Amino acid sequence: MYSERIRLASLHDKVMSAAEAASLIKDGMTVGMSGFACAGDAKAVPFALVERTSHEPLSISLITGASIGNGLDKLMAEAGLLARRMPFQADPALRKAINEGKVMFIDQHLSETVEQMRSNQLKRPDVTVVEAVAITEDGHIVPTASVGNSANLALFADQVIVEISLRYGTNLEGLHDIYIPPERPERSPIPLVRPDQRIGATAIPIDPAKIAAIVISEYSDSPSNVLPPDGETQAIADHLIGFFANEVEAGRLPRNLGPLQVGVGSIANAVMAGLVDAPFENLSMYSEVLQDSTFELFDAGKLDFASGSSIVLSAARGTQVFGDFERYKERLVLRPQEISNHPEVARRLGIIGINTALEFDLYGNVNSTHVGGTRMMNGIGGSGDFARNAQLAIFVTKSIAKDGAISSVVPMVSHVDHTEHDVDILVTEQGLADLRGLAPRERARAIIDNCVHPEYRAALEDYFARACERGGQTPHVLEEALSWHINQERRGHMLTTA
Ligand code: COA
């Protein structure tokens, strides 16, 4: 039975129902699960865990690669199953539980989680659940549409549950490149000097004796819900493409730009899609999430190779790509997220990192995570891994949110994820501020002139002028610095004049 999917015959008697497998997970355990940006997540077992909460006390610490789909974070949060959750999420119901203090959320750079586990700074999982297309003759696990933290979570766990997904074909085997850094002090450089290199194994090399259960799963990944480009995201893409063209012209970037990293979400996807009509050829990606735009660029003949940690597609794109996978497979690789996001590799390859901000301030500090300085949105994800180590750290956002009640360009950010030291280029639909080599007062000038929405420009100009009268390397009117956020909270608009 399923001998093509479970090629180590001695594991055949481990096949059981999701409920039986889920019974290995006990109250209070630390549980690892596969899943990165709604791709390749464990599904059958977490559904079974949610079911158990209706008749027994059950609460776990859950560690994944990043966000998971099928409404599972919502179901688990609402069932009270999650005591602790890390390192990323993107679900409104879980977000609510986090902001109410019911779930302890540890918002981490995505490259760091398993590194902390390797050095025993973070508790290792008691049980890890990994979605797979197959188990090899050696008992190694072939993941589905993401690698994320799956390899290390499985290697570090006492017991492993494998969910064999019948939704993905076994032709995904060969897509993954599983490289596990040796422990310190024997650590050597990661031997990756090009995005298209393979440096590891095609399956997760665990001891098959750890596989305690195998569940056959018919669940699908959730499709991504990125919105198509609109006028503003198109304008952001156009500003960025104009900037790249100038950089090529000036000899600061090669014609193929160099490896691109692009964050999650509609804005980032639109920016990448904008490259379809841009005059750059032989592009490559060294990124984390590969979205629809990656495949648009392949189809347009613009992209040579894409390295990521997960493939997250809209429903229509997903059907097309996985239905015709051989067309793309040789030009794709999925890596563990500690490698796709590794500071050493990002710096060596000289990547261009394009991520999305919620807001940024006069001096270029970026908030990607906290609305109004206190309420978690999703998490920092991989943006910090890339921004600090990229050749060019670019942040994009629309200049206003909530119909103009919020300016994304503010006197002082209400929370800092990326300090001014990590930010080179800021782009809104209004324009692009190139902050490289500028002192704080010059940065402020570039940001006011290029990025702020006209409705907010005079107010920001006035703030900056009064701040400069007080002096300082980074001038502020401290008692007013967060007044826009306070206005928004109290009056529903950042400006008192509105
Ligand atoms: N204050 C409050 N809310 C804001 C805001 C601000 N300054 N700027 C945007 N928003 C709201 C939008 O109104 C929108 O709300 P809605 O969901 O109710 O419509 C929401 O934030 C998302 O904004 P949107 O403009 O649609 O952008 P997005 O889908 O591209 O997401 C982030 C933007 C910042 C939330 C998202 O990119 C993120 O989580 N980033 C951090 C992680 C990361 O960068 N990972 C990258 C490596 S993969």
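How are α9 and α10 oriented to each other? They are oblique to each other. This tour of a predicted model starts at that pair, moves back along the chain, and ends at the ligand.

**Stop 1: α9 and α10**

Select residues 292–299 for helix α9 and residues 315–323 for helix α10. Their axes come within 10 Å and cross at roughly 55°. Angles under 35 degrees would count as roughly parallel, and 65 to 115 as roughly perpendicular, so the pair is classed as oblique. The crossing of α9 past α10 is left-handed.

Now show side chains. On the α9 side, pick Asp292, Phe295, Glu296 and Asp299; the residues they meet in α10 are Arg317, Gln320 and Val321. Coloured by class, this contact shows 4 charged, 2 nonpolar and 1 polar residues.

**Stop 2: α8 and α9**

Keep α9 selected and add helix α8, residues 266–274. The axes of α8 and α9 cross at roughly 5° and come within 8 Å. That angle makes α8 roughly parallel to α9.

Pick Asn269, Met272 and Ala273 in α8, which meet Asp292, Ser293, Glu296 and Leu297 in α9. The class count for this contact is 3 nonpolar, 2 polar and 2 charged residues. Asp292 and Glu296 are worth labelling: they belong to the contact of α9 with α8 and also to that of α9 with α10.

**Stop 3: α7 and α8**

Drop α9, keep α8, and select helix α7, residues 231–249. The two axes come within 8 Å and cross at roughly 50°, which makes α7 oblique to α8. Here α7 passes α8 in a right-handed crossing.

For the contact, pick Thr233, Ile236, Ala237, Leu240 and Ile241 on α7, with Ile267, Ala270, Val271 and Gly274 on α8. These residues divide into 7 nonpolar and 2 polar, with no charged ones.

**Stop 4: the ligand**

Clear the helices and centre on the ligand, which 22 residues surround. The closest are Glu288, Leu358, Met377, Asn378 and Lys402.

Which residue places a backbone N or O atom 2.9 Å from a nitrogen atom of the ligand? Select Leu358, whose backbone supplies that atom.

Next, turn to the oxygen atoms of the ligand. A side-chain N or O atom of Asn378 lies 2.7 Å from a ligand oxygen atom. For Lys402, an N or O atom of the side chain is likewise 2.7 Å from an oxygen atom of the ligand.

Notes: Residues are numbered from 1 along each chain as its sequence is written. This is a predicted model: local features need pLDDT of at least 70, side-chain atom pairs count only at pLDDT 80 or more; totals for chains, interfaces and linings use all residues. Side-chain values use heavy atoms; hydrogens and water are left out. Axes are lines fitted to C-alpha atoms, for helices over the stretch in contact, and angles run from 0 to 180 degrees between N-to-C directions. Helices (H or I, at least four residues) and strands (E, at least two) are DSSP runs, numbered from the N terminus. Angles under 35 degrees count as roughly parallel, over 145 as roughly antiparallel, 65 to 115 as roughly perpendicular and the rest as oblique. A crossing is left-handed if the near helix is turned anticlockwise from the far one by less than a right angle, and right-handed if clockwise. Contact means heavy atoms within 4.5 Å. Ala, Val, Leu, Ile, Met, Phe, Trp, Tyr, Cys and Pro count as nonpolar, Asp, Glu, Lys and Arg as charged, and the others, Gly among them, as polar. A residue is near a molecule or strand if one of its heavy atoms lies within 4 Å of it. A polar contact is a pair of N or O atoms within 3.5 Å; within protein, one must be able to donate a hydrogen and the other to accept it, and residues adjacent in sequence count only if both atoms are side-chain atoms.
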